[in-house]
Structure formats: structure tokens, C-alpha cells
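Biologist: I would like to learn how to read a structure one feature at a time. Where do we begin?

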Amino acid sequence: MKRIFLVEDDTAIAKNLMLLLQSEGFKVTHAPTRKEALAVILENTFDLALIDISLPDGNGFTIYTEIKQKGDIPIIFLTASGDEASVVTGLNMGAEDYITKPFRPRELIARMKRALRKDQRSGSDFEIQGLRVDTARGVVTKNGSEVFLSALEYRLLLLFVSNPKSIITRGRLLDELWDAAGEFVTDNTLTVYIKRLREKIENDPASPKIILTVRGTGYRLGDENASK
């Protein structure tokens, strides 16, 4: 069970977020102020933190710094709409992501799960059918030659690499890719992106061995794979 640290001073938002996260299988610890958050950090470790930038007794940047001193976990900042300066500051500090309030619950959960998967695969290589994905450097090679992918194609490939034993539904792919590279992904364009990715990574795109179609459901990674 993944442990989530929620720092949010709005009681109603915090209550709803805790119910949402718990329904998704997360264990949540909540602190409403900067002072209480710093005390919690001293006694606990977490897998991911959601931190409101604006708190009644300060801001979330100090909390970010304290958490990072204990361990390098993904941090997503929660920010009010229009607070562009705070967003830029958070990203420059190294935050994994930010989300603007009010936000859609599914969007938040998708971003959290993406951040957790990225953290798990950090610094690892994955190889299948002569295709190697170096996630630490963001480099993809096929039989020793570099394969150049667009930002969206690379994110699509990482979804399969990070879920090597799972069938990934088209709906989940759409949820994960909707904001990739600033492009709007529809069900029809998803088919096009799968086709383009296969043309770049498969030995025979007409008979794929890396990204397999599961009829009526979605896609899955081929069976011949190994992670370093």
C-alpha cells in the first residue's frame, strides 16, 4: 500500500481528497499547516506527497525541502488557479508535477500513479525483442541503433514498459496521454500513435511482437522481456 502525505489547509478539500485516495487503495496522512507537516516528516516516510503551496503559516516550498532531505520521493504541488509564479518556482525546485485547483479527481489519480511509476522505474533499463529502453537517459535503441520517438510516442512506450504484465485498456491510455506534449488524444488518434510506434520499434509492424493487441480490451507488452 502506497503511503501518501497530504498537506492541505482547506478542511473540505482535505476530507474529500482523503476519501478519494483511500478508495484508490492509498494510505493517507494529512497535515493542515506547515508546522504540523514538518513535525510529521520527522517521524514518517512516504511514497509521494501532495503539497498545497499556500498554507496559513507559510508555504509548501519549505515542506518540499524537508521531505527531499529525507528521501527523493515524487512531490506534486496543489496550487490555486492563476498562480503561475508559484508553479514555476515549484517546478524549478524539482517537483514532479503540479495540479491546479479545482481539479478533476481522475486527473489527480492519473498524475499520482504516473509519478509513482516513474519513480519506480527511475534509473533502470528494459529490454524486449532487441529493443532497449534506458529510462535514466531517455534513450531508446533497437538492435544497437537509436530510435527517435516523439514525446508522446516515448510516453506511450513507457506505459507498456512500466506495466509489462498488464493489459492496458484504451481508456487508460487515453487518460494517461491526454496532456502529453500538449496534444489532444482521441480514440482515433490513439490508434494512429500505436501504429506509428510499432513502425519504429517492431521488426515487422504488420505482425507485432512488442506491443500486442488484446481484441476488445486494449494492448499488452509481448512475453519476451527482461528488466535489468
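Modeller: Begin with one residue and list what it touches. This is a predicted model. Skipping neighbours within four places in sequence, Val 140 is in contact with Leu 131, Arg 132, Val 133, Ser 145, Glu 146, Val 147, Leu 149, Tyr 154 and Leu 157.

Biologist: Which residues touch the most other members of the largest nonpolar core?

Modeller: The general idea comes before the case. In soluble globular proteins, nonpolar side chains tend to be buried together. Here the largest nonpolar core has 29 residues. Val 140, Leu 156, Leu 157, Phe 160, Leu 173 and Ile 201 touch the most other members. The elements giving two or more residues to this core are β8 (125-128), β9 (131-134), α6, α7 (170-177), α8 (187-201) and β14 (218-221). Helix α6 gives the most, with 8 residues. A second, separate core has 19 residues, including Phe 5, Val 7, Ile 41 and Ile 51.

Biologist: Back to α6. How many of its residues are buried?

Modeller: Recall the geometry of a helix. An α-helix has 3.6 residues a turn, so residues three or four places apart point the same way. Now the case. In α6, 9 of the 11 residues are buried, and the helix is mostly covered. The buried residues are Leu 152, Glu 153, Tyr 154, Leu 156, Leu 157, Leu 158, Leu 159, Phe 160 and Val 161.

Biologist: Glu 153 is on that list. What does its side chain make a polar contact with?

Modeller: For a charged residue, check cover and then partners. Glu 153 lies in α6, which spans residues 151-161. Its relative accessible area is 4%, under the 20% cut-off, so Glu 153 counts as buried. The side chain of Glu 153 makes a polar contact with the side chain of Lys 200, at 2.8 Å. Beyond its neighbours within four places in sequence, Glu 153 is in contact with Phe 148, Arg 196, Leu 197 and Lys 200.

Biologist: Next, helix pairs. How do α7 and α8 cross, roughly parallel or roughly perpendicular?

Modeller: Read the approach of the axes, then the angle. The axes of α7 and α8 come within 11 Å and cross at roughly 90°. That angle falls in the 65 to 115 degree range, so α7 is roughly perpendicular to α8. From α7, Arg 170, Leu 173, Leu 174 and Leu 177 meet Asp 187, Leu 190 and Thr 191 of α8. By class, this contact has 4 nonpolar, 1 polar and 2 charged residues.

Biologist: And what is the crossing angle of α3 and α4?

Modeller: Use the same reading. Helix α3 (residues 60-70) and helix α4 (residues 84-93) have axes that come within 11 Å and cross at roughly 10°. An angle under 35 degrees counts as roughly parallel, so α3 is roughly parallel to α4. Phe 61, Tyr 64 and Thr 65 in α3 meet Ser 86, Thr 89, Gly 90 and Met 93 in α4. The classes are 3 nonpolar, 4 polar and no charged residues.

Biologist: Now a strand residue. Is Thr 79 buried or exposed?

Modeller: Locate the residue, then check its cover. Thr 79 lies in strand β6, residues 75-80. Thr 79 is buried, with a relative accessible area of 1%. Setting aside neighbours within four places in sequence, Thr 79 is in contact with Ile 53, Val 87, Tyr 98, Ile 99, Thr 100 and Lys 101.

Biologist: What separates the C-alpha atoms of Thr 141 and Leu 131?

Modeller: Set spacing along the chain beside distance in space. Thr 141 lies in strand β10, residues 139-142. Thr 141 and Leu 131 are 10 residues apart along the chain, and their C-alpha atoms are separated by 5.8 Å.

Definitions and conventions: Residues numbered from 1 in each chain as written. Predicted model: local features only at pLDDT ≥ 70, side-chain atom pairs only at ≥ 80, totals over all residues. Heavy atoms only, no water. Helix = DSSP H or I, 4+ residues; strand = E, 2+ residues; numbered from the N terminus. Buried < 20%, exposed > 50% of the residue type's maximum accessible area, 1.4 Å probe, protein only. Polar contact = N/O pair within 3.5 Å; in protein donor to acceptor, adjacent residues only side chain to side chain. Contact = heavy atoms within 4.5 Å. Axes fitted to C-alpha atoms, helices over the stretch in contact; angles between N-to-C directions. Parallel < 35°, antiparallel > 145°, perpendicular 65-115°, else oblique. Nonpolar A, V, L, I, M, F, W, Y, C, P; charged D, E, K, R; others polar. Core = buried A, V, L, I, M, F, W, Y, C linked by side-chain atoms within 4.5 Å.
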